[in-house]
Each structure stands twice: as C-alpha cells, then as structure tokens.
Amino acid sequence: QVQLVESGGGLVQAGGSLRLACVASGRTVSDYDLGWFRQGPGKERQFVARITWSRRTTYADSVRGRFTISRDGARNTMYLQMNNLRPEDTAVYFCAAGSASDDARTYHYWGQGTQVTVSS
C-alpha cells in the first residue's frame, strides 16, 4: 500500500506561484510513475502532469511552460512548481501513483487533495 499526502496549496493572486508537494509513505514509489491531476468546481478530474520512474515528463497543454513536475527519490516526494498562475488554474490538486498515463483510471493510489485558489 502507498499513502500519498499533498501540501502547499493556498490562495494566490494571478501571476503568482505555488509549489505543491506530495509525500509518499508505506512503501517506496521509486518504481511507480507519478502524476498530478486537478478538479475544478463542477468539472471532471483533469490531467495536469506526470513523471515516470525514469523522470520523463509530460504536461497538459494548458500548463506546459508554466508548471514543472519533479520527484526526489531520496525523500519519496514529488513536486509541482506552478508559475504564472491563472484564475482557471483554481482547483483541488491531487497526486497519484500508478502507470504513466493521462488517464486517471490507470493510477492506483491517490492523495486527499490540496486546494489551489487563484484570484484575478
């Protein structure tokens, strides 16, 4: 079993930055691909970014160039650096562990989510 806990969300003005962290416990996630998803009010869960065990990264078009995903194996932690935030980035952000995919159904473990609110 893997437990994932996100942190780093908050309220920020448009153009600002936040850094989300996802700490894994229970077992190492070094063999898993990791991803970030988000769910805005009244919307379906949406792919944001993912990073494979070999650190290959993929981004949604809406965040490419603004967000950076990374992972620290020694700390069993994944990060999402979010720059130049926009009001449309407002959502609950979830981290997940599973198979490298943009499809949430391929991820086996999920965190509880952290709220990101971007004011205009």
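# A tour from Arg38 outwards

Select Arg38 to begin: at 5% relative accessibility this residue counts as buried, where buried means under 20% relative accessible area, exposed means over 50%, and partly exposed lies in between, for a 1.4 Å probe and protein chains only. What you have open is a predicted model, in which local features need pLDDT of at least 70 and side-chain atom pairs count only at pLDDT 80 or more, while totals for chains, interfaces and linings use all residues. Residues are numbered from 1 along each chain as its sequence is written, and side-chain values use heavy atoms, with hydrogens and water left out.

**Stop one: the salt bridges of Asp89**

Keep Arg38 on screen and add Asp89, whose side chain meets that of Arg38 in a salt bridge of 2.9 Å, N to O; a salt bridge here is a side-chain nitrogen of Lys or Arg within 4 Å of a carboxyl oxygen of Asp or Glu. Because Asp89 lies in the loop between β8 and β9 whereas Arg38 belongs to strand β4, the pair ties together parts that are 51 residues apart in sequence. The strands named on this tour are DSSP runs (E, at least two residues), as helices are runs of H or I with at least four residues, and both are numbered from the N terminus. Asp89 counts as buried, at 1% relative accessibility.

Now add Arg66, which forms a salt bridge with Asp89, the closest N and O atoms being 2.8 Å apart. This pair also links distant parts of the chain, since Arg66 is in the loop between β6 (57-59) and β7, 23 residues apart from Asp89. Salt bridges that share partners join Arg38, Arg66 and Asp89 into one network, and Arg66, at 7% relative accessibility, counts as buried.

For another pair, select Arg64 and Asp61, which form a salt bridge with their closest N and O atoms 2.7 Å apart. Here Arg64 is partly exposed, with a relative accessible area of 48%, and Asp61 is exposed, at 65%. The structure holds six salt bridges.

**Stop two: strand β4 and its partners**

Select residues 33-39, which make up strand β4, a mostly covered strand in which six of the seven residues are buried. Seven bridges join β4 to β9, and the two run antiparallel; two strands are taken to pair if DSSP finds at least two bridges between them. To see one position, select Leu34, which stands opposite Ala97 in β9.

Then bring in strand β5 (residues 46-51), which pairs with β4 in the antiparallel sense over five bridges; the bridge partner of Gly35 in β5 is Arg50. The hairpin of β4 and β5 has six residues between the strands, and in it Gly42 takes a positive phi near 70 degrees.

**Stop three: two loop residues**

Move to Pro87, in the loop between β8 and β9 (91-98), which is partly exposed, with a relative accessible area of 36%. Setting aside neighbours within four places in sequence, Pro87 is in contact (heavy atoms within 4.5 Å) with Ala14, Val118 and Ser120. The C-alpha atoms of Pro87 and Thr117 are separated by 7.3 Å, although the two residues are 30 residues apart along the chain.

Finish at Asn76, in the loop between β7 (67-72) and β8 (77-82), a buried residue with a relative accessible area of 16%. Apart from neighbours within four places in sequence, Asn76 has contacts that include Cys22, Arg27 and Ser30.
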